[in-house]
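Student: I would like to learn how to read pockets and salt bridges in a protein model. Could we go through them slowly, one feature after another?

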Amino acid sequence: MQFDPKQWQLGQPYPPLGTLYAAALMRQNKYDVSLFDTMFLNDPATVSIAIAKNKPDYFVVYDDGFNYLTKMCLTNMRQAAFDMCKIAKANGCTVIVSSSDSTDRFAEYLNEGADFVIIGEAEHTLLELTGHIEEGNTDHSEIKGLAYLSNGQVVKTPGRPVLKELDIMPLPAWDLVDMDRYRQSWLKNAGYFSLNMSTTRGCPFKCNWCAKPIYGNRYNSRSPENVVEEIKLLKGRYAIDHIWFCDDIFGLKPGWVKAFAELLTKEQIDIRFKIQSRADLLVEEDTVKALAEAGCENVWIGAESGSQKILDAMDKGITIEQIGEATLLMKEYDIKPSFFIQFGYPGELKDDIKLTIDMINALLPFEIGISVSYPLPGTSFYEKVRADLKKKTNWTDSDEMALMFCNTFPPSYYKQLHRYVHQNYHKHLATNSLVKLIRDPFRANAKSLRKALSVFYHAPATFIEGLKLRKLEVKA
């Protein structure tokens, strides 16, 4: 995470969940497993110390496929992976890589020191591959979901079907994690301790800018009983306060959320959590009520745009009305709605941008996360803008915010738009707090007073950022 300054500054790290699943399966099958956690790494070369200590036969670079940032394939992360592959190879290890980036660029990874790249969902491919090597086999062409070099040529085998029965997987190997470092970082920066869990794999929706290189368009779910078993383990062993359910879509299976809430109540488990979902799934009151009863306090939805024209162009499958309805319903049940917002999609004009800003100001979500459209390989959106990408196809880190293709405005405009919208959003939050304070001054406390008075900072700051934005509009 130190290779991504924005995330490092946030100081709310999550362990590499995908890696922990793979480690648990390998250990279940009698392999000795150690974890070199790169979350707090600042120099890839330090991996040589871990290799010298553990002397592994296999060195596996296993990216966390449950983390959306890995889909963006930041170049800082890619170079770190290349460096570690070379170091492991020089130390005599068989090097195996599994990640979104290596799935898209397997030939590059093979040329940078990897012996094998696992394509797609990786746990069982990794288990089969290592077993095959242990038996002395050198022909790997029958192993599904694999890429490797043979006589200098890249071989890619047919894809492996995704796992459907997720409950058969062992729980992640949480004991391999240096949990104290994570806890200390969370307590320092957030005041509570959160860990990440996954209840599902895949996403069945068809947003044309969203790549699914690991789990695909299939949607498979763990049972509520299996999920609650892990929650009990994490609360009992690590005293967690909060969970981030990092599924692309939480609780899509009919009746799942209700059963989950009932089971938590039966087991007398009190846990707070946040999820990712969709507006069209949160217009049903029964679902939102069950989420609230289970302990959900924050839901991130892909609102993306306040323009129906842009949502339709994205094949998002939701309406502006559903975004509004879901937001109000969540607030009614004391769940904090948060928006992912995306600017710069092809065809977006100034009027569409204004509609998005108006939507944010009207609905006042709890948080907003703003990005510009990011071309991910394997998507129709990527193919649409591919000719414009040329040399730059990835960000260096998640704070770069560079638009990498030609659009209505230049990249500098969208960077300024990001600053303006954030400032404008905070101004409206502060104004809303000030109005509440004026209407009911007896309910004021230090926190609400600070928030209300911040309007006197955000209002002029918004005006200044708006002037900068209009100057870029004129230049465009």
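Student: Which element gives the largest share of the lining of the second largest pocket?

Tutor: Let us start with the general idea, which is that rolling a probe the size of a water molecule over the atoms shows where empty space is left. The model in front of you is predicted, and in this model the largest share of the lining of the second largest pocket, six residues, comes from helix 12.

Student: What volume does the second largest pocket have, and which residues are the closest to its centre?

Tutor: The second largest pocket has a volume of about 320 Å³. Its lining is made up of 20 residues, and the closest to the centre are Val257, Lys258, Asp286, Thr287 and Ala290. Two elements, helix 11 (256-266) and helix 12 (285-294), give two or more residues to this lining.

Student: How do the lining residues divide into nonpolar, polar and charged?

Tutor: In the lining of the second largest pocket, nine residues are nonpolar, four are polar and seven are charged.

Student: Turning to salt bridges, how many does the structure hold?

Tutor: A salt bridge is read from the distance between a side-chain nitrogen of Lys or Arg and a carboxyl oxygen of Asp or Glu, which has to be within 4 Å. By that reading the structure holds 21 salt bridges. One of them joins glutamate 121 and arginine 201, whose closest N and O atoms are 2.6 Å apart.

Student: Why does the pair of glutamate 121 and arginine 201 tie together parts that are apart in sequence?

Tutor: Glutamate 121 is found in the loop between strand 3 (116-118) and helix 8 (123-134), while arginine 201 belongs to strand 7 (residues 200-201), so this pair ties together parts that are 80 residues apart in sequence. Glutamate 121 and arginine 201 are both buried.

Student: Where do arginine 386 and glutamate 383 lie, and are they buried or partly exposed?

Tutor: Both lie in helix 16 (residues 380-389), three residues apart, which is about one turn of the helix. They form a salt bridge in which the closest N and O atoms are 3.4 Å apart. Partly exposed covers the range from 20% to 50% relative accessible area, so arginine 386, at 46% relative accessibility, counts as partly exposed, and glutamate 383, at 46% relative accessibility, also counts as partly exposed.

Student: Which residues do salt bridges that share partners join into one network?

Tutor: Such salt bridges join Arg78, Asp101, Arg105 and Glu108 into one network.

Key:
Residues are numbered from 1 along each chain as its sequence is written. This is a predicted model: local features need pLDDT of at least 70, side-chain atom pairs count only at pLDDT 80 or more; totals for chains, interfaces and linings use all residues. Side-chain values use heavy atoms; hydrogens and water are left out. On a 1 Å grid over the protein atoms alone, a cavity is a set of points where a 1.4 Å probe fits but cannot get out, and a pocket is an open set with protein on both sides within 12 Å along at least five of seven lines; lining residues have an atom within 4 Å of a point. Grid points are joined across faces, edges and corners, and a volume is the space filled by probe spheres set on the points. Helices (H or I, at least four residues) and strands (E, at least two) are DSSP runs, numbered from the N terminus. Ala, Val, Leu, Ile, Met, Phe, Trp, Tyr, Cys and Pro count as nonpolar, Asp, Glu, Lys and Arg as charged, and the others, Gly among them, as polar. Buried means under 20% relative accessible area, exposed over 50%, partly exposed in between (1.4 Å probe, protein chains only).
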